[in-house]
Amino acid sequence: MLSQTIKPSQITLIDAPNGKLEIDAIWQDSDTVAIICHPNPMQGGTMNNKVVSTLFRYCRDAGMSVLRFNFRGVGASTGVTGNGEGEFIDGLTALRYALAQTGATRVWLGGFSFGGFITCRLAHAVSHDEEFAGLQLAGVALIAPSIVRHDTSQLTWQADSTCLIYGQHDELVAPLALARFGEHRQIPTSVIDTGHFFHGKLVELRHALETYFGKCDEQG
């Protein structure tokens with residue numbers, strides 16, 4: 001997909017089961033909406049994380065509507081961290097809001113670290129819950145997902161494309177565990193010469209996304 005005229009992002013608060021959820025969204029003329037999940041709030045993760053921002057810009061430049069959000073207790077989002085379950089509910093809230101705003105028939109999901117685990121849960125929900133019947137799962141991008149601390153063994157999904165990207169020197173999620181995760185699920189995988197946080201490697205991360213999901217015009 002090639003980008004059209006890019007609209008500015010809109011940061012706002014939306015109603016959520018836990019109070020308010022802070023979102024940053026770009027609505028575009030597309031049948032696809034992307035939802036991006038950030039790293040662990042307990043370790044300083046926010047929607048402004050540079051890996052999350054790379055995912056956000058990729059989706060924007062690909063012409064998708066795209067929404068990132070702060071989990072409960074982060075930024076202007078109310079409440080306290082939910083140890084995974086609450087954050088999954090936050091992801092569902094963001095997804096439902098985006099679908100209501102856009103009428104999209106396709107969803108693209110992406111997440112980094114802890115956000116990658118939440119992305120797996122959202123992908124499972126989209127694939128199996130009656131609520132999302134008729135919604136096509138267009139893509140799933142898992143960036144160094146937290147699959148050691150969090151159990152993903154019961155999570156399955158059917159997507160047009162799924163990719164796994166991680167650093168060969170990842171110091172937080174064991175590279176061997178990530179490799180086995182990708183092999184077991186037969187997920188196309190890119191391993192980048194970097195650590196968990198992709199310091200100095202965001203261009204390579206962007207290129208990996210383009211390899212799996214298609215190139216698009218750069219918009220800055």
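The legends below describe close-up views of a predicted model, beginning with the whole chain and moving to individual strands and one tryptophan.

**View 1. The overall fold of the chain, with its helices and strands.** The chain holds five helices and eight strands, and, when read along the sequence, these elements follow the pattern β-β-β-α-β-α-β-α-β-β-α-β-α. The C-alpha atoms fill a box of roughly 40 × 40 × 35 Å along the principal axes. For 220 residues, a compact globule would be expected to have a radius of gyration near 17 Å, and the 16 Å computed for the chain agrees with this. Among contacts between residues at least 6 apart in sequence, 71% join residues that are at least 24 apart.

**View 2. The surface and charges of the chain.** The accessible surface comes to about 9500 Å², and carbon and sulfur atoms account for 49% of this area. Of the 220 residues, 55% count as buried. The chain carries 16 positive and 22 negative side chains, and the centres of these two sets lie 3 Å apart.

**View 3. Strand E2 and its pairing with E1 and E4.** Strand E2, which spans residues 19–26, is mostly covered, with six of its eight residues buried. Strand E1 (residues 10–16) runs antiparallel to E2 and is joined to it by seven bridges, while the hairpin that links E1 to E2 passes through two residues. Within this pair, Thr-12 stands opposite Ile-23 of E2. E2 also pairs with strand E4 (residues 65–69), again in the antiparallel sense, over four bridges, and here Asp-24 stands opposite Arg-68 of E4. In a regular strand, the side chains alternate between the two faces of the sheet.

**View 4. The surroundings of Trp-108 in strand E5.** Trp-108 belongs to strand E5, which covers residues 106–112. Because its relative accessible area is 3%, under the 20% cut-off, Trp-108 counts as buried. Leaving aside neighbours within four places in sequence, the contacts of Trp-108 include a run of residues earlier in the chain, namely Thr-32, Val-33, Ala-34, Ile-35 and Ile-36. Leu-55, Tyr-58, Cys-59 and Met-64 are also among the residues in contact with Trp-108, as are Gly-139, Ala-141 and Phe-213. For one of these partners, Gly-139, the C-alpha atom is separated from that of Trp-108 by 4.6 Å, although the two residues are 31 apart along the chain.

Conventions: Residues numbered from 1 in each chain as written. Predicted model: local features only at pLDDT ≥ 70, side-chain atom pairs only at ≥ 80, totals over all residues. Heavy atoms only, no water. Rg over C-alpha atoms; globule rule 2.2 N^0.38 Å. Buried < 20%, exposed > 50% of the residue type's maximum accessible area, 1.4 Å probe, protein only. Contact = heavy atoms within 4.5 Å. Areas by Shrake-Rupley, 256 points an atom, 1.4 Å probe, with all protein chains shown as cover. Lys, Arg positive; Asp, Glu negative; His and termini not counted. Charge placed at Lys NZ, Arg CZ, Asp CG, Glu CD. Pairing = 2+ DSSP bridges.
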